[in-house]
Amino acid sequence: MIEVVRSPAFVVKDSSIGPLSMVPVSAAKVLVTYLAEQNTACGTDRVPSPVWATSLYVKRDGRWVNVLYQHTPAG
């Protein structure tokens, strides 16, 4: 995925997020959900928008690291 995002074919014209919800799972874990809208394409393929996104962050060695990401079209 990192290779795709770094590619010159991956173009983000604009994006926005919100509303955002953060739910602590434990002292070192937080679940973040939000609505994401974007005008993004990878070559001729458009990235779905809007989507409901979910990310799980875990604190490791003093840094918050994203360990899970998923999105679902917002209908």
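Student: At 48% relative accessibility, how does Leu20 count: buried, exposed or in between?

Tutor: Leu20 counts as partly exposed, because its relative accessibility is 48%, and the partly exposed class runs between the 20% limit for buried and the 50% limit for exposed. Please keep in mind as we go that this is a predicted model.

Student: Where does Leu20 lie?

Tutor: Leu20 is part of strand S1, which covers residues 10-26.

Student: Which residues make a nonpolar surface patch with Leu20?

Tutor: The general idea comes first. In soluble globular proteins, nonpolar side chains tend to be buried together. Now the case here: Ile17, Leu20 and Met22 make a nonpolar patch of about 330 Å² on the surface. For the chain as a whole, the accessible surface is about 5600 Å², and 58% of that belongs to carbon and sulfur atoms.

Student: Let me step back to the overall fold. How many helices and strands are in the chain?

Tutor: One helix and five strands. Read from the N terminus, the elements come in the order α-β-β-β-β-β. Along the principal axes, the C-alpha atoms fill a box of roughly 40 × 30 × 15 Å.

Student: How should I read the pairing of S1? Which strand do its bridges join it to?

Tutor: A good way to read a pairing is to take the partner, the direction and then a register pair. S1 is joined to strand S2 (residues 29-42) by 13 bridges, and the two run antiparallel. For the register, Ser15 has Gln38 of S2 as its bridge partner, while Phe10 is matched with Cys42 in S2. The connection is a hairpin, with two residues between S1 and S2.

Student: And on from S2, in which sense do S2 and S3 pair?

Tutor: S2 and S3 pair in the antiparallel sense, over two bridges. Cys42 turns up again here, with Asp45 as its bridge partner in S3. This hairpin also has two residues between its strands, and Gly43 takes a positive phi near 65° in it.

Student: How many bridges join S2 to S4?

Tutor: Eight bridges, and these strands run antiparallel. You can find the register by looking at Leu31, which stands opposite Leu56 in S4.

Student: Now the interior. Which residues form the largest nonpolar core?

Tutor: The way to read a core is to list its members and then ask which elements supply them. The largest nonpolar core has six residues, namely Val30, Val32, Tyr34, Ala36, Val51 and Ala53. S2 and strand S4 (51-60) each supply at least two of them. S2 gives the most, with four residues.

Student: Which residues does Val51 touch, leaving out those up to four places away in sequence?

Tutor: Val51 touches Tyr34, Leu35 and Ala36, and also His71, Thr72, Pro73 and Ala74.

Student: Is Thr54 buried or exposed?

Tutor: Thr54, in strand S4, is buried, because its relative accessible area is 17%, under the 20% limit. Beyond the residues up to four places away in sequence, Thr54 touches Leu31, Val32, Thr33, Leu68, Tyr69 and Gln70. In the chain overall, buried residues make up 16% of the 75 residues.

Student: And how do I read contacts across the sequence? What share join residues at least 24 apart?

Tutor: Take the contacts between residues at least 6 apart in sequence; 31% of these join residues at least 24 apart.

Student: Last topic, the backbone. What should I look for?

Tutor: Most residues other than glycine have a negative phi, and most peptide bonds are trans. With that in mind, look for the exceptions.

Student: Which kind of peptide bond, cis or trans, runs from Gly18 to Pro19?

Tutor: It is cis, with omega near -5°, and Pro19 lies in strand S1. A cis bond also joins Ser49 and Pro50, with omega about -5°. Pro50 is placed in the loop between strand S3 (45-46) and S4.

Student: What sign does phi of Asp61 have, positive or negative?

Tutor: Positive: phi of Asp61 is near 50°, in a residue other than glycine. Asp61 sits in the loop between S4 and strand S5 (63-73).

Student: Why does Asp61 count as exposed?

Tutor: Because its relative accessible area is 83%, over the 50% limit for exposed residues.

Methods: Residues are numbered from 1 along each chain as its sequence is written. This is a predicted model: local features need pLDDT of at least 70, side-chain atom pairs count only at pLDDT 80 or more; totals for chains, interfaces and linings use all residues. Side-chain values use heavy atoms; hydrogens and water are left out. Patches are made of residues with over 30% relative accessible area and no salt bridge: like charges are joined within 9 Å, nonpolar side chains (Val, Leu, Ile, Met, Phe, Trp, Tyr) within 5 Å. Accessible areas come from the Shrake-Rupley method with a 1.4 Å probe; for residues, only the protein chains shown count as cover. A salt bridge is a side-chain nitrogen of Lys or Arg within 4 Å of a carboxyl oxygen of Asp or Glu. Buried means under 20% relative accessible area, exposed over 50%, partly exposed in between (1.4 Å probe, protein chains only). Two strands pair if DSSP finds at least two bridges between them. A nonpolar core is a set of buried Ala, Val, Leu, Ile, Met, Phe, Trp, Tyr and Cys residues joined through side-chain atoms within 4.5 Å. Contact means heavy atoms within 4.5 Å.
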